Amino acid sequence: MHQHLFKAIIENNSDAVVIADIDDGIVFWNCAAQRMFGYSFDEVKGQDPHDLLTVPSNRDFAKHSKEVYRSTRKSNILGDFIRLKALTKDNKELDIDLQINAIELEGKTYIYTFIRDVSDLVMLERQTEHLLNTDTLTQIKNRYRFTNDMDWLVERSRQYKTPLSIGIIDIDHFKSINDSYGHAAGDYALKTFAKIVSDQLCNRAVFARLGGEEFAIAFADTYCYEAVQAVEDIRHHVEQQILEFDGQQFSLTFSCGLASLKGEECNLGSLLKDADKALYEAKVQGRNRTILFRH
């Protein structure tokens, strides 16, 4: 009676339940497992679940962990909830949460696993993270993400006594683009500018939109004069580009204020304040230039 009740409960569980003899492979596979992975019980019976469900990049480690448990009866993952990827019968990858446990019964060791498909949840988490960290118009990092990245880079500079250079960039006379060609052209200009600069940087620096036509750029392990040269190369490239929107052609230039600190002196507030002062000076001197803040 109790055995039939137990089997009925497990069989109708919404989570996939997989039970494997550590030596002889899978001995139980409920309906949810069949729906989730696409295999019938007859197809998986007696097989090592890692050969079927574990993605190739994790397979050797998973099998090694099983062998360690077989010989020592010790594991640091039993009972814990783990998030990883699994494979279906048609080689589709699923994001799953699983809990692995073991039981000794009549001289045999059984590994039983509860598995939940969390692919939709993971996708939602990724979308939320993207929205939290990405500027919706230009699709580059936003102010929030830039600040978080800078906190880490500042700490790194302080720890390893390496230079950190930060620039504040302002597109010159951006209001005139909106006034002359319309706000749609302004949006196009911002998106195009962000792409041009990102392509030139090729991940050599952190680049973000702070808001409006203001952007920020940060070079780790880069002395001030190297950063100035890098920004100047980008500035010359930008001003040579001809943008076309709705039959109208125009070009962009930008002004940049740069500041650099290293080691114990490195402080995000000071860097941003100094870069902003240098940007103001670049505008005073006629725009379309890079000015380095000098202490």
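Here are a few exercises with worked solutions on the pocket and the salt bridges of this predicted model.

**Exercise 1. Describe the largest pocket: its volume, its centre and its lining.**

Step 1. Start with the volume, which is about 780 Å³ for the largest pocket.

Step 2. Go to the middle. The lining has 34 residues, and the closest to the pocket centre are His 50, Ala 62, Ile 77, Leu 98 and Ile 100.

Step 3. Map the lining onto elements. Two or more residues each come from strand S1 (16-21), helix H4 (49-53), helix H5 (56-72), strand S3 (81-87), strand S4 (93-105) and strand S5 (108-117). H5 gives the largest share, seven residues.

Step 4. Sort the lining by chemistry: 20 residues are nonpolar, eight polar and six charged.

**Exercise 2. Work out which parts of the chain the Asp 23 and Arg 70 salt bridge links, and classify Asp 23 as buried or exposed.**

Step 1. Check the contact. The closest N and O atoms of Asp 23 and Arg 70 are 2.2 Å apart, and the cut-off for a salt bridge is 4 Å.

Step 2. Place both ends. Asp 23 sits in the loop between S1 and strand S2 (25-29), while Arg 70 belongs to helix H5; with their positions 47 residues apart, the pair links distant parts of the chain.

Step 3. Look at accessibility. Asp 23 has 55% relative accessibility, so it counts as exposed. Arg 70, at 28%, counts as partly exposed.

**Exercise 3. Find what the Lys 85 and Asp 95 salt bridge ties together, and say how accessible each partner is.**

Step 1. Take the distance: the closest N and O atoms of Lys 85 and Asp 95 are 2.9 Å apart.

Step 2. Locate the partners. Because Lys 85 is in strand S3 and Asp 95 in strand S4, the bridge ties together parts 10 residues apart in sequence.

Step 3. Apply the accessibility classes, where buried means under 20%. Asp 95 comes in at 10% and is therefore buried, whereas Lys 85, at 29%, is partly exposed.

**Exercise 4. Treat Lys 141 and Asp 149 in the same way, then turn to the network around Lys 108.**

Step 1. The side chains of Lys 141 and Asp 149 meet in a salt bridge, with 2.7 Å from N to O.

Step 2. Lys 141 is partly exposed at 27% relative accessible area, and Asp 149 is buried at 14%.

Step 3. Now the network: Asp 21, Asp 24 and Lys 108 are joined into one by salt bridges that share partners.

Step 4. Finish with the total, which comes to 22 salt bridges.

Definitions and conventions:
Residues are numbered from 1 along each chain as its sequence is written. This is a predicted model: local features need pLDDT of at least 70, side-chain atom pairs count only at pLDDT 80 or more; totals for chains, interfaces and linings use all residues. Side-chain values use heavy atoms; hydrogens and water are left out. On a 1 Å grid over the protein atoms alone, a cavity is a set of points where a 1.4 Å probe fits but cannot get out, and a pocket is an open set with protein on both sides within 12 Å along at least five of seven lines; lining residues have an atom within 4 Å of a point. Grid points are joined across faces, edges and corners, and a volume is the space filled by probe spheres set on the points. Helices (H or I, at least four residues) and strands (E, at least two) are DSSP runs, numbered from the N terminus. Ala, Val, Leu, Ile, Met, Phe, Trp, Tyr, Cys and Pro count as nonpolar, Asp, Glu, Lys and Arg as charged, and the others, Gly among them, as polar. Buried means under 20% relative accessible area, exposed over 50%, partly exposed in between (1.4 Å probe, protein chains only).
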